[in-house]
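Biologist: Please take a close look at one part of this model for me: the salt bridges. I'd like to hear who pairs with whom and where the partners sit.

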Amino acid sequence: MNVRGHLFLLIGPSGSGKTSIIREITARRPSIRFIPTTTTRPPRPGERNGREYFFVTDDEFDQAISRGEFLEWKQIHGYRYGTSRS
């Protein structure tokens, strides 16, 4: 499948308002999709796998790296976060 479009990354420290901005953008423009980041950190209360993040184990993250599944990834505060190519 060859899908063309634009990719926008919203990056900022924890608590900077990224989620609020994303909610407002997607409410105003339903054609814009939010793609959750993959992370090794545990879910916070109220978070669901596949909604805010894709929560995976360290081994699953390592396997995804070895398969080249991330556009980029980084370790932050002891956990890893990655943007999926798919």
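Modeller: The chain has two helices and four strands, taken as DSSP runs numbered from the N terminus (H or I over at least four residues for a helix, E over at least two for a strand). Read along the sequence, the order is α-β-β-α-β-β. Keep in mind that this is a predicted model, where local features need pLDDT of at least 70, side-chain atom pairs count only at pLDDT 80 or more, and totals for chains, interfaces and linings use all residues. Numbering starts from 1 along each chain as its sequence is written, and side-chain values use heavy atoms, leaving out hydrogens and water.

Along its principal axes, the C-alpha trace spans about 40 × 35 × 20 Å. Of the 86 residues, 17% count as buried, meaning under 20% relative accessible area, with exposed being over 50% and partly exposed in between (1.4 Å probe, protein chains only).

Now to your part. Side chains of opposite charge can pair when their charged atoms come close. A salt bridge here is a side-chain nitrogen of Lys or Arg within 4 Å of a carboxyl oxygen of Asp or Glu, and that rule gives six of them.

Let's zoom in on Arg80. Its side chain meets that of Asp58 in a salt bridge, at 3.3 Å from N to O. This pair ties together distant parts of the chain, with Arg80 in strand β4 and Asp58 in helix α2 (residues 58-66), 22 residues apart. Arg80 has a second partner in Asp62, where the closest N and O atoms are 2.7 Å apart. Asp62 is in helix α2 too, so the strand-to-helix link is made here as well, across 18 residues. Put those together and Asp58, Asp62 and Arg80 belong to one network, joined by salt bridges that share partners.

How covered are these three? Arg80 is buried because its relative accessible area is just 10%. Asp58, at 46%, counts as partly exposed, and Asp62 gets that label with 38%.

Another pair worth a look is Arg41 with Glu47: their side chains form a salt bridge at 3.0 Å, N to O. Both of these residues are buried. For contrast, take Pro45, found in the loop between β1 (37-39) and β2 (53-55). Pro45 is exposed, since its relative accessible area reaches 85%.
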